[in-house]
Amino acid sequence: MNLNKCNVIDLPRINDPRGNLTFVEGSQHIPFDIHRVYYLYDVPGGAERGGHAHKDLHQLIIAMSGSFDIHLDDGHTKKTVHLNRSYQGLYVCPMIWRDIDNFSSGAVCMVLASERYDELDYYRDYEQFIIDAQRNTK
Ligand code: TYD
């Protein structure tokens with residue numbers, strides 16, 4: 001099951017009375033090289049993001065500030081992960097439908113991605129995603 005690969009990764013932490021520090025090195029702390037970084041911020045209360053899957057993209061999702069819920073679905077199984085620590089990231093492998101909601105006030109959702117933006121890599125239609133996900137993982 002693809003969903004078994006999607007786990008929360010504890011990133012390195014340098015604790016310091018002046019403020020803590022966390023770092024991420026591609027293919028070292030996460031299972032892919034980083035080619036893009038994007039982030040969601042100023043998310044209004046009650047808003048939902050995501051609503052798609054990727055064919056080949058690997059991602060690490062980090063709650064840089066605040067918290068939110070990520071609902072994952074591999075076409076067979078679903079699970080929800082609550083992120084609220086800036087030293088933890090949720091690894092999301094290809095072929096996972098994700099919805100993100102329950103954003104706290106001031107939440108910042110940063111995503112490290114294995115490829116540059118490519119709309120052709122998206123499934124934005126849930127029914128089509130389910131057909132392909134179930135066909136590929138019987
Ligand atoms: P989308 O991936 O649907 O957002 P989310 O999953 O975070 O809710 O992207 C929203 C819009 O932003 C869409 O028009 C594509 C554009 N976009 C880029 O141009 N580059 C990017 O790296 C990303 C992630 C999105």
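These are my notebook entries on a predicted model, ordered by the site I looked up.

**Entry 1: D74**

I began with D74, which I located in the loop between β7 (68-73) and β8 (78-83). I asked which side chain of opposite charge is nearest to D74. I found K5, 8.5 Å away, and D74 has no salt bridge although it is buried. A salt bridge would need a side-chain nitrogen of Lys or Arg within 4 Å of a carboxyl oxygen, so I did not count K5 as a partner of D74.

I then looked for polar partners in the backbone. The side chain of D74 reaches the backbone nitrogen of H76 at 2.8 Å. A polar atom of the D74 side chain also lies 3.4 Å from the backbone nitrogen of N2. Setting aside residues up to four places away in sequence, I listed the contacts of D74 as M1, N2, L3, M95, I96, F129 and A133.

**Entry 2: helix α1**

Two of those contacts of D74, F129 and A133, led me to helix α1 (residues 126-136), where they are buried along with I130 and D132. I noted the general rule that residues three or four places apart in an α-helix point the same way, because there are 3.6 residues a turn. I traced what the buried residues of α1 pack against and recorded β5 (49-54), β7, β10 (97-101) and β12 (122-123).

**Entry 3: aromatic rings**

I searched the whole structure for aromatic pairs and obtained eight. I examined W97 and Y126, whose ring centres are 5.1 Å apart with planes at 80°, so I recorded the pair as edge-to-face. The pair ties together parts 29 residues apart in sequence, because W97 belongs to strand β10 and Y126 to helix α1. W97 is buried at a relative accessible area of 8%, whereas Y126 is partly exposed at 29%. Both rings belong to one aromatic cluster with Y123 and F129.

I also checked for charges over rings. K55 lies over the face of Y123, 5.4 Å from the ring centre. Elsewhere, I found the charged end of R13 over the ring of Y87, at 3.7 Å from its centre.

**Entry 4: N102**

Last, I looked up N102, in the loop between β10 and β11 (108-113). With a relative accessible area of 48%, N102 is partly exposed. Which residues does N102 touch, leaving aside neighbours within four places in sequence? I recorded S67, F68 and D69. The side chains of N102 and D69 are joined by a polar contact of 2.9 Å. I also noted that 6.5 Å separates the C-alpha atoms of N102 and G46, which are 56 residues apart along the chain.

Key: Residues are numbered from 1 along each chain as its sequence is written. This is a predicted model: local features need pLDDT of at least 70, side-chain atom pairs count only at pLDDT 80 or more; totals for chains, interfaces and linings use all residues. Side-chain values use heavy atoms; hydrogens and water are left out. Helices (H or I, at least four residues) and strands (E, at least two) are DSSP runs, numbered from the N terminus. Buried means under 20% relative accessible area, exposed over 50%, partly exposed in between (1.4 Å probe, protein chains only). Lys and Arg count as positive and Asp and Glu as negative; His and the chain ends are not counted. A polar contact is a pair of N or O atoms within 3.5 Å; within protein, one must be able to donate a hydrogen and the other to accept it, and residues adjacent in sequence count only if both atoms are side-chain atoms. Contact means heavy atoms within 4.5 Å. Rings of Phe, Tyr and Trp (its six-membered ring) pair if their centres lie within 6.5 Å; planes under 30 degrees apart count as stacked, over 60 as edge-to-face and the rest as tilted. A charge sits over a ring if NZ of Lys or CZ of Arg is within 6 Å of the ring centre and within 35 degrees of the ring normal.
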